[in-house]
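Welcome! Take a moment to look over the sequence and the 3D view, and then we will walk through some of the features together.

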Amino acid sequence: MEIRRDVFQAIADPTRRAILGLVALQAMTPGAIAENFNSSRQTISKHIQILNECELLSQTQSGREIYYHFNPSKMKEIADWLDPYRKLWEGRLSAMDDLLTEMQTKKGKSKK
């Protein structure tokens, strides 16, 4: 049975997000990734497998070592999905900031 996951399921786990953060800085072997966590190597390998299945990581082989690389194009899919919501909230926060500035201005004028 094939388990199909999407990138949002992959990034829902804090350990997987931490792995992405590490690998975004430099390509790493599974052992090097596992050294950064208190979990077993098997647990970290499962997280890496999920990230790899979702194409958030890619792998290359160098001799006996497998290196995992960050895949920014998959992260862009996440950013593209989030972008309309980011713009919506930036607009709302900007409107709130304008309102607060206006209220402070009116309050300052009424004290004089």
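Let us start on the outside. Phe8, Trp81, Leu82, Tyr85, Leu88, Trp89, Leu93, Met96, Leu99, Leu100 and Met103 together make a nonpolar surface patch of about 1100 Å². Please keep in mind that what you see is a predicted model. Which element gives the patch its largest share? That is helix 5, with 10 residues. Helix 5 covers residues 72-111, and Leu93, one of the patch residues, lies in this helix.

Now turn from nonpolar side chains to charged ones. Side chains of opposite charge can pair when their charged atoms come close. How many salt bridges does a search of the whole structure find? The answer is eight, and helix 5 is a good place to meet a few of them.

Begin at Asp83, which forms a salt bridge with Arg86; their closest N and O atoms are 2.4 Å apart. Why can these two meet along the helix? Asp83 and Arg86 are three residues apart in helix 5, so about one helical turn separates them. As for their surroundings, Asp83 is partly exposed, with a relative accessible area of 22%. That value sits just on the partly exposed side of the cut-off, because buried means under 20%. Arg86 is partly exposed too, at 41%.

Arg86 has another partner. Glu90 also forms a salt bridge with Arg86, and here the closest N and O atoms are 2.9 Å apart. Glu90 and Arg86 are four residues apart in helix 5, which again means a separation of about one helical turn. Glu90 counts as partly exposed, with 44% relative accessibility.

These contacts belong to a wider picture: Asp83, Arg86, Lys87 and Glu90 are linked in a network of salt bridges. If you find Arg86 in the view, you can trace its links to Asp83 and to Glu90.

Further along the chain, look for Glu102 and Lys106, whose side chains meet in a salt bridge at 3.3 Å, N to O. Being four residues apart in helix 5, Glu102 and Lys106 are likewise separated by about one helical turn. Are these two residues buried, partly exposed or exposed? Glu102 is partly exposed, with a relative accessible area of 43%. Lys106, at 54% relative accessibility, counts as exposed, because the cut-off for exposed is over 50%.

So helix 5 brings two themes together: it gives the largest share of the nonpolar patch, and it holds the salt-bridge pair Glu102 and Lys106.

How values were computed:
Residues are numbered from 1 along each chain as its sequence is written. This is a predicted model: local features need pLDDT of at least 70, side-chain atom pairs count only at pLDDT 80 or more; totals for chains, interfaces and linings use all residues. Side-chain values use heavy atoms; hydrogens and water are left out. A salt bridge is a side-chain nitrogen of Lys or Arg within 4 Å of a carboxyl oxygen of Asp or Glu. Buried means under 20% relative accessible area, exposed over 50%, partly exposed in between (1.4 Å probe, protein chains only). Patches are made of residues with over 30% relative accessible area and no salt bridge: like charges are joined within 9 Å, nonpolar side chains (Val, Leu, Ile, Met, Phe, Trp, Tyr) within 5 Å. Accessible areas come from the Shrake-Rupley method with a 1.4 Å probe; for residues, only the protein chains shown count as cover.
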